[in-house]
Amino acid sequence: MNAMPAMGFTIERAIRRAFPRFADMAELAASLHLSERTLRRKLTNEGLSYRLLLDESRRSRALDLMAAGLRPIAQIALDVGFSDVRAFSRAFKRWTGHPPTQVSSALTHRSSQTHP
């Protein structure tokens, strides 16, 4: 995401701090001293949603973990909040257009070429 609005940035940061556990919207709102309804309204005013920010946080974290090349896909799935690897794979393909194994291999290969 480019130039994320202030509330979106605040929410995404809160989601990232909670990895691998994710607060539901009510918990997140309470942690920000807002009602869930107010949080939803503020996000809507910025053209965002909790689901969009959660997905973006998960996608970004998964890519970071893959680039590090230290964990298998199943562990990455757990680390970004999925209890099922198949659900993570479907979500990852929706986010990136590619299966996680393909992206992980490409990132690991690229990393090994830049660090002999």
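Setting aside residues up to four places away in sequence, Ser 57 touches Glu 12, Ile 15, Arg 16 and Phe 19. In this predicted model, Ser 57 sits in helix α4. Its relative accessible area comes out at 0%, so Ser 57 is buried. That makes Ser 57 a handy way into the packing of α1 on α4, since it is one of the residues that make this contact.

Before going further into that contact, a word on the overall layout. The chain has seven helices and zero strands, and from the N terminus on the elements simply read α-α-α-α-α-α-α. Of its 116 residues, 36% count as buried. Take the contacts between residues at least 6 apart in sequence, and 55% of them join residues at least 24 apart.

Back to the first helix pair. Two packed helices are described by the angle between their axes and the distance between the axes. For α1 (residues 6–17) and α4 (residues 50–68), the angle is about 50 degrees and the axes are 9 Å apart. With an angle of that value, α1 is oblique to α4. The crossing of α1 past α4 is right-handed. On the α1 side, the contact is made by Gly 8, Ile 11, Glu 12, Ile 15 and Arg 16. On the α4 side, the residues are Tyr 50, Leu 53, Leu 54, Glu 56, Ser 57, Ser 60 and Asp 64. Sorted by class, this contact has five nonpolar, three polar and four charged residues.

Helix α1 also packs on α3 (residues 36–45). Here the axes come within 8 Å and cross at roughly 125 degrees, and α1 and α3 are therefore oblique to each other. Met 7, Gly 8 and Ile 11 of α1 make the contact with Leu 39, Lys 42 and Leu 43 of α3. By class, the residues divide into four nonpolar, one polar and one charged. Gly 8 and Ile 11 turn up in both contacts of α1, the one with α4 and the one with α3.

Further along the chain, α4 packs on α6 as well, at an angle of about 100 degrees and with the axes 11 Å apart. That angle makes α4 roughly perpendicular to α6. From α4, Asp 55, Arg 58, Arg 59, Ala 62, Leu 63 and Met 66 take part, and they meet Phe 88, Phe 92, Arg 94, Trp 95 and Thr 96 of α6. The class count for this contact is six nonpolar, one polar and four charged residues.

Next, the nonpolar cores. In soluble globular proteins, nonpolar side chains tend to be buried together. The largest nonpolar core here has 14 residues, and the members that touch the most others are Met 66, Phe 82, Phe 88 and Phe 92. Helices α4, α5 (73–79), α6 (85–96) and α7 (100–114) are the elements that give two or more residues to this core. The most come from α6, which gives four. A second, separate core holds 13 residues, including Ile 11, Ile 15, Tyr 50 and Leu 53. Those four residues are also part of the contact between α1 and α4.

Some individual residues fill in the picture around the largest core. Phe 82, with its neighbours within four places in sequence left aside, is in contact with Arg 58, Ala 77, Ala 87, Phe 88, Ala 91 and Trp 95. Ser 104, in helix α7, has a relative accessible area of 14% and is therefore buried. Not counting neighbours within four places in sequence, Ser 104 is in contact with Met 66 and Ile 73.

Two loop residues round things off. Arg 21 lies in the loop between α1 and α2 (25–31), and its relative accessibility of 48% means that Arg 21 counts as partly exposed. Arg 21 and Phe 82 are 61 residues apart in sequence, while their C-alpha atoms are 9.7 Å apart in space. Gly 81 belongs to the loop between α5 and α6. With a relative accessible area of 29%, Gly 81 is partly exposed too. From Gly 81 to Leu 54, which is 27 residues away along the chain, the C-alpha separation is 10.0 Å. Leu 54 itself is one of the α4 residues in the contact with α1.

Methods
Residues numbered from 1 in each chain as written. Predicted model: local features only at pLDDT ≥ 70, side-chain atom pairs only at ≥ 80, totals over all residues. Heavy atoms only, no water. Axes fitted to C-alpha atoms, helices over the stretch in contact; angles between N-to-C directions. Parallel < 35°, antiparallel > 145°, perpendicular 65-115°, else oblique. Left-handed = near helix turned anticlockwise from the far one by under 90°. Contact = heavy atoms within 4.5 Å. Nonpolar A, V, L, I, M, F, W, Y, C, P; charged D, E, K, R; others polar. Buried < 20%, exposed > 50% of the residue type's maximum accessible area, 1.4 Å probe, protein only. Core = buried A, V, L, I, M, F, W, Y, C linked by side-chain atoms within 4.5 Å.
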